[in-house]
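Biologist: Please bring up the model. I have some short questions about its parts.

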Amino acid sequence: MSSDIAGRFAPGGTVAEANHPYSDDDDSLNEAEVNGNWTPQEKALHEARLKAKAKRRLRKSSSRNSTSESFSESGEVAGGDPHSPKGKVNTNDRKSRTGKGRGLPKKGGAGGKGVWGAAGMVYEDEEPDIHDPNYDESYQGDTVYETVVPEIDEKELEKMVNPIVQEYFEHGDTKEVQMLLKELNLGQHKYEFSSLAVSLSLEGKASHRELTSRLLSDLSGKMLSQSEMGRAFDKMLKELPDLILDTPDAPQMLGQFIARAIADHVLPMSFLDCYKGKVDCEHARVALDRAAVLLSMKREMVRLDNVWGVGGGLRPVKHLIKEMNLLLKEYLISGDVSEAEHCLRDLEVPHFHHELVYEAVVMVLESKGDTATSMMMKLLQSFWKTGLITVDQMNRGFQRVYDELPEISLDVPHAHSIMETFVDLCYQESVITKQLRDACPSRGRKRFVSEGDGGMIKT
């Protein structure tokens, strides 16, 4: 055994046997097998060589099959460039260059960077998946953008509504108020607009309360329902103890608002019945009783239009003249300048104050004694200093007296002299201007010399 192994690896052996101990030539092993003199080590080595040989045969057969399939019918390599050297494969080809596979393009030619699919492939429309992380609703179909106005907070409501109501008191256009309210998202606080408008009018003039009643009538049914109006007045009845601090007559005024609202069908007819025997606040009972009395007095009338009186600019001229005459007569009796000023402001006719000046000057001309002169001068001086009567109205009033002085002289012979005295006094007290004083007409005295002169007028 040792001689065989030594002979096999001896220097005189073949180069294949020395370099490849696991070559295909196994004559020596076959000879040892025939002689039947194998050792266990040789037997294990022989089995290992057989397994290695089987693996090599399997690898060669698979390589041979792939190479044969990669050739075309003309004998050229599939995917190769005809102008390139033989055996060189185009590096831009998408076919496999590893020698494996069938030599066809990957994914049928539909794969690779920048490829939208195989030639002739038609994609069907796919419905977008809402649950897709990349889903964007703005890119789906026709997108309509709508301006969303956030709902106004209760704290911001008063800041937004007050300017609207104050401007309405100036122009009196209910349609403009409706347009401005539509731009605001009042939400669940919509009813509070009515209560805020009424609260502001309580602190204002009678004309403001009349405008507020008209506004509530126009908003009813369009922007505010009867239930929302009722909710607003219910809130005001509860807030009466606080409203009285600023407006002592708030209960009576709120009762008039309720009566007017019921007559205008802003509130339901059963509004007062809901509070019978259920009101503990004394001020609320006064307001409800006031409304009940007005409704019982005006049962046959459809509307309580005059519950706030007639607005200044809407009153007849004769009525205004009568009111101003009464104002001046009461002043001559009482001498209360502040009361006269208050009454003049309540008339709300600043464009008609020239009538007061005219009537005051005429009373001075028709009066006896200096008492009326001094009192009227004091009254006009107070109105001038407070700005209640403007310079234009003052000048216009005096100018009217100047124009009618000839007619007044028929009833008051000394009208010119009284007028000159009163005008000088007013100028000294800075009630009128120098230009207006100089415009006062004066009648020259005609003196006759004697009968012997033939009745000639002395020049």
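Biologist: How many residues does helix H9 have, and what is its reach from first C-alpha to last?
Modeller: This is a predicted model. In it, helix H9 covers residues 226–238, which is 13 residues. At 1.5 Å a residue, a span of 18 Å is expected. The reach in the model is close to that, at 18 Å.

Biologist: Do the buried residues of H9 line one face, or are they spread around the helix, and what arc do they fall within?
Modeller: The buried residues are Met 229, Gly 230, Ala 232, Phe 233, Met 236 and Leu 237. Seen down the axis of H9, they line one face of the helix, because they fall within an arc of 160 degrees.

Biologist: Which exposed residues sit on the face of H9 turned away from the buried side?
Modeller: The buried side includes Phe 233 and Leu 237. The face turned away from it carries two exposed residues, Ser 227 and Lys 238.

Biologist: Which helices help to cover the buried residues of H9?
Modeller: The cover includes helix H7 (192–202) and helix H8 (206–219). It also includes helix H10 (240–246), H11 and H12.

Biologist: Where is Asp 273, and is it buried or partly exposed?
Modeller: Asp 273 lies in the loop between helix H11 (250–263) and helix H12 (282–297). Its relative accessibility is 44%, and buried would need under 20%, so Asp 273 counts as partly exposed.

Biologist: Which side chain makes a polar contact with that of Asp 273, and how far is Asp 273 from Leu 288 in space?
Modeller: A polar contact of 3.4 Å joins the side chains of Asp 273 and Lys 276. Asp 273 and Leu 288 are 15 residues apart in sequence. From C-alpha to C-alpha, their separation in space is 9.9 Å.

Biologist: What is the phi of His 265, and is this residue buried or exposed?
Modeller: His 265 is also placed in the loop between H11 and H12. Its phi is positive, near 60 degrees, in a residue other than glycine. The relative accessibility is 51% and the cut-off is over 50%, so His 265 counts as exposed.

Biologist: Where does Ser 430 sit, and what is its phi?
Modeller: Ser 430 is in the loop between helix H18 (415–428) and helix H19 (434–438). It is not a glycine, yet its phi is positive, at about 60 degrees.

Biologist: How many disulfides does the structure have, and how exposed are Cys 281 and Cys 343?
Modeller: Cys 281 is partly exposed, at 25% relative accessibility. Cys 343 is partly exposed as well, with a relative accessible area of 24%. A search of the whole structure gives a disulfide count of zero.

Biologist: How many helices and strands does the protein have, and what share of its residues is buried?
Modeller: The protein has 19 helices and zero strands. Of its 459 residues, the buried share is 32%.

Biologist: Which element has the lowest mean pLDDT, and which the highest?
Modeller: The mean pLDDT of the protein is 78, and 73% of residues reach 70 or more. Helix H2 (residues 15–19) has the lowest element mean, 41, and the highest, 93, belongs to helix H15 (residues 353–366).

Biologist: How many contacts beyond near neighbours in sequence do residues 1–25 and residues 444–455 have?
Modeller: The pLDDT is below 50 over residues 1–25, and this stretch has 14 such contacts in the model. Over residues 444–455 the pLDDT is also below 50, and the contacts of that stretch number eight.

Terms used: Residues numbered from 1 in each chain as written. Predicted model: local features only at pLDDT ≥ 70, side-chain atom pairs only at ≥ 80, totals over all residues. Heavy atoms only, no water. Helix = DSSP H or I, 4+ residues; strand = E, 2+ residues; numbered from the N terminus. Buried < 20%, exposed > 50% of the residue type's maximum accessible area, 1.4 Å probe, protein only. Polar contact = N/O pair within 3.5 Å; in protein donor to acceptor, adjacent residues only side chain to side chain. Expected span 1.5 Å × (residues − 1). Arc of directions from axis to C-beta. Contact = heavy atoms within 4.5 Å. pLDDT = per-residue confidence, 0-100. Disulfide = S-S within 2.5 Å.
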